[in-house]
Amino acid sequence: MTKALKKLDRIRNSHGRNVSLEDFETIVRSYGHIEEGGKHPKALIGCHTLPYKRENPVKSAYVLELLEIVDSL
């Protein structure tokens, strides 16, 4: 398993709670990219856009939405 897949498994097992900003952005970068600018960064994955706040830990709503996007790919 790659490091990104291990982080993804760890995030799934935590049910979206206590996910660090670094882990969240690593998953985003492995499936897409981050667009900076405006008030909040945007995670662009395929045709999906996910705006999120840069807080540590990341709120579970953002994490769960990211997992749904990754699962739909």
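Q: If buried means under 20% relative accessible area, exposed over 50%, and partly exposed in between (1.4 Å probe, protein chains only), is Lys 7 buried or exposed?
A: This is a predicted model, in which local features need pLDDT of at least 70, side-chain atom pairs count only at pLDDT 80 or more, and totals for chains, interfaces and linings use all residues. Residues are numbered from 1 along each chain as its sequence is written, while side-chain values use heavy atoms, with hydrogens and water left out. Lys 7 has its place in helix H1, where helices (H or I, at least four residues) and strands (E, at least two) are DSSP runs numbered from the N terminus. Its relative accessible area is 17%, so Lys 7 is buried.

Q: Which residues is Lys 7 in contact with, leaving aside its neighbours within four places in sequence?
A: Contact here means heavy atoms within 4.5 Å. Lys 7 is itself one of the H1 residues that make the contact with H2. Once the sequence neighbours are set aside, the residues that Lys 7 touches are Glu 22, Asp 23, Thr 26 and Ile 27.

Q: How are H1 and H2 oriented to each other?
A: Axes are lines fitted to C-alpha atoms, for helices over the stretch in contact, and angles run from 0 to 180 degrees between N-to-C directions. By this convention H1 and H2 pack at about 125°, with their axes 10 Å apart. Angles under 35 degrees count as roughly parallel, over 145 as roughly antiparallel, 65 to 115 as roughly perpendicular and the rest as oblique. The relation of H1 to H2 is therefore oblique.

Q: What is the distance between the end C-alpha atoms of helix H3?
A: The expected span of a helix is 1.5 Å times one less than its number of residues. H3 has 13 residues, 60–72, and should therefore span 18 Å. The distance between its end C-alpha atoms agrees with this, at 18 Å.

Q: What arc around the axis do the buried residues of H3 cover?
A: The buried residues of H3 are Tyr 62, Val 63, Leu 66, Leu 67, Ile 69 and Val 70. They lie on the same side of H3, because the arc, taken from the directions from the helix axis to the C-beta atoms, is only 160°.

Q: Is His 15 buried or exposed?
A: His 15 lies in the loop between H1 and H2, and has a positive phi of about 60° although it is not a glycine. Its relative accessibility is 52%, and His 15 therefore counts as exposed.
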